Amino acid sequence: MNIVELIRKKREGQTLTKEEIQYLLAGYVEGRVPDYQMSAFLMACYFKGMTEQETYTFTELMLHSGEIIDLSSIPGIKVDKHSTGGVGDKVSLILAPIVASCGVPVPMISGRGLGHTGGTLDKLESIPGFRTDLSIAEYKKVITNIGVVMIGQTKEIAPADKKMYALRDVTATVECIPLIAGSIMSKKLAEGIDALVLDVKTGRGAFMQTRDLSRKLAQTLVKIGTQFGKETLGFITDMNQPLGITIGNWLEVMESVECLRNNRGTNDGSSDLMEVTHLLSGAMIALGKKADSIDEGIEKSKEAIRNGKAYDKFKELVRAQGGDVSAIENFENRQPQPKFASEVHSAESGYVDEIDSLELGLASIALGASREKIDDVIDPKAGIKLNQKVGNKVAAGDSLAVFYTDRESALESGRIRIANAFHISSQKPKSRPLIWDIVDSSGIREWKS
Ligand code: URA
């Protein structure tokens, strides 16, 4: 087979056979197919897509590019959650300890920041000492001992995705349903789960910006999960403003810890974050058979926050993976100080009508919070703290946000970009649903608000 021919075939919108996809993936993992050829192939997929069968085969081959972890010796139904990626999406940090503290084992393999969206691994690694690079043996030991583990892809787990994920991030080839489906499902199917909850984001800050595309992605993901024999539930949730009040790794850890401590204050900008978290946790608790329905699961999830068990579980997780628990317990005094902190003010009076999460995601990359190139080093201190959410009333001169960076050169553009991301209107905006749809093997329907 000839790689150039395979790229050309996809460029012309033809369907590749299993052998052809295998030749390409194996060649890439083994280093015979260079990044520039894989980039061209990915761009061809972006424009021409894949058939349903090709998407399934692509996922299967990505999965079998590495090991499939066997967790059958661990009692209980193992359930994980995966998000298709958002801005300020720190749900996993709060949800994993909630669900584990309710008795459902959570083996989680997460990704790094991708495009303008943040990644759970980068957030966890901003906790001093926290190791996400556990071996499979260590991964099994941690989940056996404490019922939850959160790691990155090892070289054994879906290595084709590991390599391709980093390449897609820097070649503008993320926003493609078959590539997203193969990437997410190969990792998830490799980690030893019995069931899966998917959070498919929709809106400006999501890879799928329209509800129709998000529905299509959700249905593709649920279908693949079901074909592989895993009970899979998907939700479509809104990403038309950042989730919660922080964007940037250490800032997001601090917001998550405040939520886990049930210490969110009165002006509760984290309420959207917690609504999504409780929904997804509730679904996981129900799939793990520790609740009879999603609603009962949601109640259990809320109780785990109220009684402190989720926060205790989070600290147990940090300790088990080598992190410094005192940095969590004492984050108010342990906050790393960026060189610059700059406030952005509203130029007008009115209501916050929209907060452009894509623009804020891109601005946070420029501040140093995420990568532009594969080998960029992330600054865990960099990011944005929102002082307003959609629907808030502001007067001219009120603070909209504060941003943090070590890059002096990013200050002026950061200020302009962040100010422009806030749209102010004289009318109070209509409230939008945060949770749009639920998808299971029987189909898709609107979520009751
Ligand atoms: N998350 C993933 O793991 N892969 C994607 O392609 C997008 C989001």
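How many bridges join strand 13 to strand 14, and do these strands run parallel or antiparallel? In this predicted model, strand 13, which spans residues 435-440, is joined to strand 14 by 4 bridges, and the two run antiparallel. Within this pairing, Val439 has Ile444 of strand 14 as its bridge partner.

The two strands belong to an open sheet of 5 strands, in which the order is 1-4-5-13-14 and the pairing is mixed. The edges of the sheet are formed by strand 1 (79-83) and strand 14 (443-446), each of which pairs on one side only. On average, and with direction ignored, neighbouring strands of this sheet are turned by 20° against each other.

Turning to the nonpolar interior, the largest nonpolar core comprises 121 residues, and those with the most contacts inside it are Ile127, Phe235, Ile294, Ile384 and Ile418. Helix 12 (residues 271-287) supplies the largest share of this core, namely 9 residues. Because residues are given to this core both by domain 2 (79-173 + 188-331 + 434-446) and by domain 3 (338-425), the core lies between these two domains.

The surroundings of one of these core residues, Ile127, can be described further. When neighbours within four places in sequence are left aside, Ile127 is in contact with Trp250, Val253, Phe314, Val318, Asp324 and Ile328. A second core, separate from the one described above, has 22 residues, among them Ile21, Leu25, Phe41 and Met62.

Notes
Residues numbered from 1 in each chain as written. Predicted model: local features only at pLDDT ≥ 70, side-chain atom pairs only at ≥ 80, totals over all residues. Heavy atoms only, no water. Pairing = 2+ DSSP bridges. Axes fitted to C-alpha atoms, helices over the stretch in contact; angles between N-to-C directions. Core = buried A, V, L, I, M, F, W, Y, C linked by side-chain atoms within 4.5 Å. Buried < 20%, exposed > 50% of the residue type's maximum accessible area, 1.4 Å probe, protein only. Domains from an automatic or database assignment. Contact = heavy atoms within 4.5 Å.
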